[in-house]
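Please describe the fold of this chain. Cover how the strands are arranged, what fills the interior, and where the backbone takes unusual values.

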Amino acid sequence: MVITFPTNTDETIRAIRGVIGRDIYMNITVTTSGCSLCGYDPVNNASKDPFCSGCGGLYWIPITEDISESGHVRWYPFDEARYEHGGAVFDGDCIVTIAYTSGNLENVRRANYFLVDGMKMTMDKYTLRGVPQLNRIRIFLREDGR
Ligand SMILES: [Zn+2]
């Protein structure tokens with residue numbers, strides 16, 4: 001089944017996404033915390049112990065959060081192939097479309113990785129979509145480690 005978003009109103013798109021969308025997660029580094037196992041070397045902005053087992057010598061340990069957002073998820077092969085000069089274009093393993101908000105855009109840009117249907121994914125690129133106004137973010141994801 002090919003699902004096409006109508007382009008009339010933002011509300012319609014949001015309503016549809018509420019029905020067919022599902023939660024995806026964006027892993028965001030919210031802050032960093034100093035390692036509790038070693039000491040801080042302010043000159044090098046790193047651990048005094050380059051072999052520390054807690055931080056690997058970095059001293060700063062990232063604290064991350066999985067932020068959920070309702071999205072429209074499509075896995076490869078996609079319903080609609082995209083063709084350009086030279087044939088079909090591989091656009092990653094998964095495309096997720098979420099609402100365009102400044103908060104979402106910030107999270108997409110900052111995300112360490114994405115969790116979609118239990119799979120850890122890394123971002124290839126994102127595009128902003130919508131007529132006449134931008135109203136959604138399309139995120140092209142690749143299975144982690146490929
Ligand atoms: Zn440490």
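Six strands form a closed barrel in the order 1-4-7-10-9-8, with antiparallel pairing. Neighbouring strands of this sheet are turned by 45° against each other on average, direction ignored. Axes here are lines fitted to C-alpha atoms, for helices over the stretch in contact, and angles run from 0 to 180 degrees between N-to-C directions. Two strands count as paired if DSSP finds at least two bridges between them.

This is a predicted model, in which local features need pLDDT of at least 70 and side-chain atom pairs count only at pLDDT 80 or more, while totals for chains, interfaces and linings use all residues. Residues are numbered from 1 along each chain as its sequence is written.

**Overall layout**

The chain holds two helices and 10 strands. Helices (H or I, at least four residues) and strands (E, at least two) are DSSP runs, numbered from the N terminus. From the N terminus on, the order of elements is α-β-β-β-β-β-β-β-α-β-β-β. Of the contacts with a separation of 6 or more, 58% join residues 24 or more positions apart. A contact means that two C-beta atoms, placed from the backbone, lie within 7 Å. Buried residues make up 16% of the 146 residues. A residue is buried if 20 or more other C-beta atoms lie within 10 Å of its own, exposed if 12 or fewer, and partly exposed in between, with C-beta atoms placed from the backbone.

**Strand pairing**

Four of the barrel pairings are listed here with their bridge counts.

| Pair | Sense | Bridges |
|---|---|---|
| Strand 7 and strand 10 | antiparallel | six bridges |
| Strand 1 and strand 8 | antiparallel | three bridges |
| Strand 8 and strand 9 | antiparallel | three bridges |
| Strand 9 and strand 10 | antiparallel | eight bridges |

Individual partners fix the register. Val 96 is bridged to Ile 139 in strand 10. Asn 27 stands opposite Tyr 113 in strand 8. Two residues of strand 8 can be placed against strand 9: Val 116 stands opposite Met 119, and Leu 115 has Lys 120 as its bridge partner. Further along, Arg 129 is bridged to Arg 136 in strand 10.

Helix 2 (residues 102–110) lies across strand 1, strand 4 (60–75), strand 7, strand 9 (119–129) and strand 10. Helix 2 runs at about 65° to strand 1.

**The core**

Which residues touch the most other members of the largest nonpolar core? Among its 14 residues, they are Cys 94, Val 96, Phe 114, Val 116, Met 121, Ile 139 and Leu 141. Strand 1 (22–34), strand 7 (94–99), strand 8 (113–116) and strand 10 (136–143) each supply at least two residues of this core. Strand 7 gives the most, with five residues. A nonpolar core is a set of buried Ala, Val, Leu, Ile, Met, Phe, Trp, Tyr and Cys residues joined through C-beta atoms within 7 Å. In soluble globular proteins, nonpolar side chains tend to be buried together.

Val 116 shows the packing. Leaving aside neighbours within four places in sequence, Val 116 is in contact with Ile 24, Val 73, Cys 94, Val 96, Met 121 and Leu 141.

Strand 8 has two faces. Phe 114 and Val 116 point to one face and are buried. Tyr 113 and Leu 115 point to the other and are not. In a regular strand the side chains alternate between the two faces of the sheet.

Ser 70 sits in strand 4. Ser 70 counts as partly exposed because 14 C-beta neighbours lie inside 10 Å. The C-alpha atoms of Ser 70 and Tyr 25 are separated by 8.7 Å, with their positions 45 residues apart along the chain.

**Backbone exceptions**

Most residues other than glycine have a negative phi, and most peptide bonds are trans.

The hairpin of strand 8 and strand 9 has two residues between the strands, and Asp 117 takes a positive phi near 50° there. The hairpin of strand 9 and strand 10 has six residues between the strands, with Gly 130 at a positive phi near 140°. The loop between strand 9 and strand 10 also holds Pro 132. The peptide bond from Val 131 to Pro 132 is cis, with omega near -5°.

Two further loop residues have positive phi. Asn 45 has phi near 50° and lies in the loop between strand 2 (40–41) and strand 3 (46–47). Asn 45 counts as exposed, with 10 C-beta neighbours inside 10 Å. Tyr 59 has a positive phi of about 70° and lies in the loop between strand 3 and strand 4. Tyr 59 is buried, because 25 other C-beta atoms lie within 10 Å.
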